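Reader: I've got a new model open and would like to talk it through with you. Shall we take it one question at a time?

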Amino acid sequence: MDFVTAVRTCFQKYADFEGRASRPEFWWFMLLCFGINVLGGTVFRSWIVSLVLLALLVPSLAVGARRFHDINKSGWLQLIGIIPIIGWAIVIYWAAQPGEAGANKYGPPPADVPPASTEVAPGQQ
């Protein structure tokens, strides 16, 4: 999944907290939010950036919940990120984990992730 597709997907699922999100979808959207925060804070007035970041709050929480669903955890575990440093580290660690290959209690794997192959590569038996 590329940057544009990830951002488009997150805006199409603006407040959709159900289902699963792949790592690229999550991290590309977080990069967009970070870039807007950094670049917007230096170029625009702070109240404009604040309004934009407020508009990005719901899709950020939604893609975070879907990302946690991909690793078979509750989306509410994002709240651990409220704890400075330790909480941030835990949330980043979980968000960086690969998702489950098959379906879990939150649904089937994201469509942009290829299914896990059961074939053995030549020479690796």
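Reader: Where does Asn104 sit in the chain?
Author: This is a predicted model, so bear that in mind throughout. Asn104 belongs to the segment after H4.

Reader: Is Asn104 buried or exposed?
Author: Burial here means a relative accessible area under 20%. Asn104 has 14%, so it falls on the low side of that cut-off. The call for Asn104 is buried.

Reader: Which backbone oxygen does the side chain of Asn104 reach?
Author: Asn104 is in the segment after H4, and its side chain finds a partner at 2.9 Å. That partner is the backbone oxygen of His69.

Reader: Now for Arg66: buried or exposed?
Author: Arg66 lies in helix H3. Its relative accessible area is 0%, and the limit for burial is under 20%, so the label follows directly. Arg66 is buried.

Reader: What does the side chain of Arg66 make a polar contact with?
Author: Arg66 is a residue of H3 with 0% relative accessible area. Its side chain makes a polar contact at 2.9 Å with another side chain. The partner is Glu25.

Reader: Let's step back. How many helices and strands does the protein have?
Author: Reading from the N terminus, the elements go α-α-α-α. That leaves the tally at four helices and zero strands.

Reader: What share of the residues of the protein count as buried?
Author: The bar is a relative accessible area under 20%. The protein has 125 residues, and the share that count as buried is 28%.

Reader: How far does H3 reach from its first C-alpha to its last?
Author: H3 covers residues 46-70, which makes 25 residues. At 1.5 Å a residue, 36 Å would be expected. The model comes close to that, at 35 Å.

Reader: Where does H3 bend?
Author: The bend is about 35°. A proline, Pro59, follows within four residues of the bend. The bend itself is at Leu57.

Reader: What is the phi of Asn72, the residue that follows H3?
Author: Most residues other than glycine have a negative phi. Asn72 goes against that sign although it is not a glycine. It is in the loop between H3 and H4 and is partly exposed, with a relative accessible area of 32%. Its phi is positive, about 65°.

Reader: Which other residue in the loop between H3 and H4 has a positive phi although it is not a glycine?
Author: This one sits in the loop between H3 and H4, with a phi of about 60°. At 62% relative accessibility it is over the 50% cut-off and so counts as exposed. The residue is Ile85.

Reader: Staying in that loop, is Gly75 buried or exposed?
Author: Gly75 lies in the loop between H3 and H4. Its C-alpha is 9.3 Å from that of Val63, twelve residues away along the chain. With 13% relative accessibility, against a limit of under 20%, Gly75 counts as buried.

Reader: How far apart are the C-alpha atoms of Leu77 and Trp94?
Author: Leu77 is in the loop between H3 and H4 and counts as partly exposed at 28% relative accessibility. Leu77 and Trp94 are 17 residues apart along the chain. Their C-alpha atoms are separated by 9.7 Å.

Reader: And how far apart in space are Cys33 and Val52?
Author: Cys33 is in helix H2 and is buried, with a relative accessible area of 11%. In sequence, Cys33 and Val52 are 19 residues apart. C-alpha to C-alpha, the distance is 9.3 Å.

Reader: What is the volume of the largest pocket?
Author: Rolling a probe the size of a water molecule over the atoms shows where empty space is left. For the largest pocket, the volume comes to about 660 Å³.

Reader: Which of the residues that line the largest pocket are the closest to its centre?
Author: The lining has 22 residues, and H2, H3 and H4 each supply at least two of the lining residues. The closest to the centre are Phe26, Met30, Ser60, Gln78 and Val91.

Reader: How many residues of that lining are charged?
Author: The lining of the largest pocket includes 17 nonpolar residues and five polar ones. As for charged residues, there are no such residues in the lining.

Technical notes. Residues numbered from 1 in each chain as written. Predicted model: local features only at pLDDT ≥ 70, side-chain atom pairs only at ≥ 80, totals over all residues. Heavy atoms only, no water. Expected span 1.5 Å × (residues − 1). Bend = angle between axes of the 7 residues up to and from the residue. 1 Å grid on protein atoms, 1.4 Å probe; cavity = no way out; pocket = protein on both sides within 12 Å on 5 of 7 lines; lining within 4 Å. Points joined across faces, edges and corners; volume = space filled by probe spheres on them. Nonpolar A, V, L, I, M, F, W, Y, C, P; charged D, E, K, R; others polar. Buried < 20%, exposed > 50% of the residue type's maximum accessible area, 1.4 Å probe, protein only. Polar contact = N/O pair within 3.5 Å; in protein donor to acceptor, adjacent residues only side chain to side chain.
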